[in-house]
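Visitor: Got a minute to walk me through this one? I'd like to start with the charged side chains.
Guide: Sure, let's pull it up.

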Amino acid sequence: MPVIAIARQHRRARKFSTLHLAQKWLPAFAGTTVMALVAGCTVGPDYRRPDAPVPAAYKEAGIVWRAARPSDTVDRGAWWSIYRDPVLDGLVRQIDISNQNLKSAAANFREAEAIVAQARAGFFPTASFNAQAQRTRTSGGRVGNTGVSGGNTGSISNFFSLNTTASWVPDLWGKVERTVESDVASAQASAGDLASARLAAQGQLASNYMQLRISDELKRLLEASVKAFTESLRITRNQLQAGTADQSAVSQAEAQLENTRAQLIALGVTRAQLEHAIAVLIGKPPAELSIAPITDTIGIPEIPPELPAALLERRPDIAAAERRMAAANAQIGASEAAFFPTVTLSADYGIQASMLKRLFNTASRTWSVGATLAQTLFDAGLRHAMVEQDRAAYDAAIANYRQTVLTGFQQVEDQLAAQRILVGQAAAEDAAVAAAREAERVITNQYKAGTVAYTNVVVAQTTALNNAITAANLRQSRLLATVALIQALGGGWDPSQLPTREGIEIDVPLNFNPLPPADAEPRPALDWLPKLW
């Protein structure tokens, strides 16, 4: 038989053998895979939100409490608009654009989303490509008891190969699923942290703005007092020249005037610092922001609370703590999956040859398909310890969640008490201001009539001014209490703002492109050399 015919018959036999093996084993391999997937399950406890202590009603709400109705609230997203101040509205809206703390929290959220994508990659197989070219020389000597002896000159051989390998670990026990579940909950907690950071920045800016506007009120009050005290000093000096007053009256008037001027000057420091703090909150250098004084006063809004149970759904920090519980619970299942065997499915296809020109011949092909089952039999309690660690972390997350809930109720009760008590204090102080103003008017007239000493006038004016300053400070306390109460109630946040698993997967989809990112270009080959010129 000709050599060519023999070669063709040999190739046909080898081809038949290869097809026969593939037809024999591939169905069994596929059947084993399907059976393994069907038999798979997810181990670990399913998450159920633990209970938290929730009162039936707020203690400090008093008789003015009522459940909030839809008409009670303004745009929940822009809660600061309840103060009806366009300057405040414009400043707060800049927080989302330029606040650096908020950008940091947003970056942390994006990082958490990327971690979810990393975990989701565990659902899919991995594939790699290897290319090898090797030239080898073997020793020509023979190794014996007396050392290496001479012989032939050795041999030189070449080896070339191209190989593609794929492997897949089916998630039979839900380890990957639990890991993804945990990472999704962690990403949702990070979104809650972002919302908390936004609410904190908005509340801090609103508080600083309220204090700045009260500083403007105090400035107007002190400027009016300086003007009035300047007029009193002029009158007293005229009386001294006329012989109807003594030098002590003039000295008292001068001391009162200069003391009030000193208070007015000191107020400028406070206002400048508040303006600088607001600039930093909106991401600007203090030199780039100036807030002009206004003559209008900010009204104090009524903030009726909702039912206490609604607080669990309104505060982003409570939602973040709850999501961390879910993440810790899922992590228990991921650790428990280590007690079960791992199945690895692998496939390999390539070509190998000792000569480059034969590399792509049919005879140079290689392939393999197989499955590996691995089960840890002894690890000295390592897996048990890991599960106990995760269970302890879950218990800690429950305690942190309940503490966060209690702290939230405390903050609401504190501000409700502040609102209720400050209303009564403000009413009493307003009455005191009115009485002091009347006393100042009467005593001033008596002094002009010569029936009382100027000391009485100084005391009356100082008392009236101090009462007016106290009333302004009380207005500030009430405004700050409303801001703090809105913060304690969660501002305009609600649970629908937490991203779902589907939303996270859309934000960071799996990228099957094997090429590196555009900004990962390698440096030129000689960049590592030292610069000698």
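Visitor: Which residues are linked in a network of salt bridges?
Guide: Arg120, Glu177, Arg501 and Glu505 are the ones linked that way. Keep in mind that this is a predicted model.

Visitor: OK. How far apart are the closest N and O atoms of Arg501 and Glu505?
Guide: They are 3.2 Å apart, and the two residues form a salt bridge. Both sit in helix α11, which covers residues 501–507, and because they are four residues apart there, about one helical turn separates them.

Visitor: And is that pair buried, exposed or in between?
Guide: Partly exposed: Arg501 has 25% relative accessibility, and Glu505 has a relative accessible area of 22%.

Visitor: What about Arg120, where is that?
Guide: Arg120 is in helix α4, residues 100–120. Arg120 counts as buried, at 14% relative accessibility, because the cut-off for buried is under 20%.

Visitor: What does Arg120 touch, if I skip residues up to four places away in sequence?
Guide: Val180, Glu505, Val508, Pro509 and Leu510. So Glu505 turns up among the contacts of Arg120, as well as in the salt-bridge network.

Visitor: How many salt bridges does the structure hold?
Guide: There are 24. One of them joins Glu231 to Arg234, with the closest N and O atoms 2.5 Å apart. Those two are three residues apart in helix α5, residues 175–242, which is about one turn of the helix.

Visitor: Buried or exposed, those two?
Guide: Neither, they come out as partly exposed: Glu231 has a relative accessible area of 36% and Arg234 is at 43%.

Visitor: Now α6. How many residues does that helix have, and how far does it reach?
Guide: Helix α6 runs over residues 247–281, so that is 35 residues, and the distance from its first C-alpha to its last is 52 Å. That is close to the 51 Å expected at 1.5 Å a residue.

Visitor: What comes just after α6?
Guide: Gly283, which takes a positive phi of about 75 degrees.

Visitor: Which side chains meet in a salt bridge inside α6?
Guide: Arg271 and Glu275 do, at 3.4 Å from N to O. They are four residues apart in the helix, about one turn. Arg271 is buried, with a relative accessible area of 13%, and Glu275 is buried with a value of 13% too.

Visitor: Back to that positive phi. Which residues have one although they are not glycines?
Guide: Arg84 is one, with a phi of about 55 degrees, and Ala380 is another, at about 60 degrees. Arg84 lies in the loop between α1 (3–39) and α2 (86–92), while Ala380 is in the loop between β6 (365–374) and α9 (382–448).

Visitor: Are those loop residues buried or exposed?
Guide: Exposed. Arg84 has a relative accessible area of 74%, and for Ala380 the value is 67%.

Visitor: Switching to the greasy part: how many residues are in the largest nonpolar core?
Guide: It has 71 residues, and those with the most contacts inside it are Tyr83, Leu88 and Leu205. The elements giving two or more residues to this core include α2, α4, α5 and α6. The most comes from α5, with 15 residues.

Visitor: What is Tyr83 in contact with, leaving aside its neighbours within four places in sequence?
Guide: Among its contacts are Leu88, Met210, Ile298, Pro301, Leu479 and Ile486. Apart from that core lies another one of eight residues, among them Val116, Val176, Val180 and Val184. Val180 is also one of the residues that Arg120 touches.

Visitor: Last topic, the strands. In what sense do β4 and β5 pair?
Guide: Antiparallel, over nine bridges, with β4 at residues 155–168 and β5 at residues 342–353. One bridge in that pairing has Ser167 partnered with Ser346 in β5.

Visitor: And over how many bridges do β5 and β6 pair?
Guide: Ten, in the antiparallel sense. There, the bridge partner of Thr344 is Thr372 in β6.

Key: Residues are numbered from 1 along each chain as its sequence is written. This is a predicted model: local features need pLDDT of at least 70, side-chain atom pairs count only at pLDDT 80 or more; totals for chains, interfaces and linings use all residues. Side-chain values use heavy atoms; hydrogens and water are left out. The expected span of a helix is 1.5 Å times one less than its number of residues. A salt bridge is a side-chain nitrogen of Lys or Arg within 4 Å of a carboxyl oxygen of Asp or Glu. Buried means under 20% relative accessible area, exposed over 50%, partly exposed in between (1.4 Å probe, protein chains only). Contact means heavy atoms within 4.5 Å. A nonpolar core is a set of buried Ala, Val, Leu, Ile, Met, Phe, Trp, Tyr and Cys residues joined through side-chain atoms within 4.5 Å. Two strands pair if DSSP finds at least two bridges between them.
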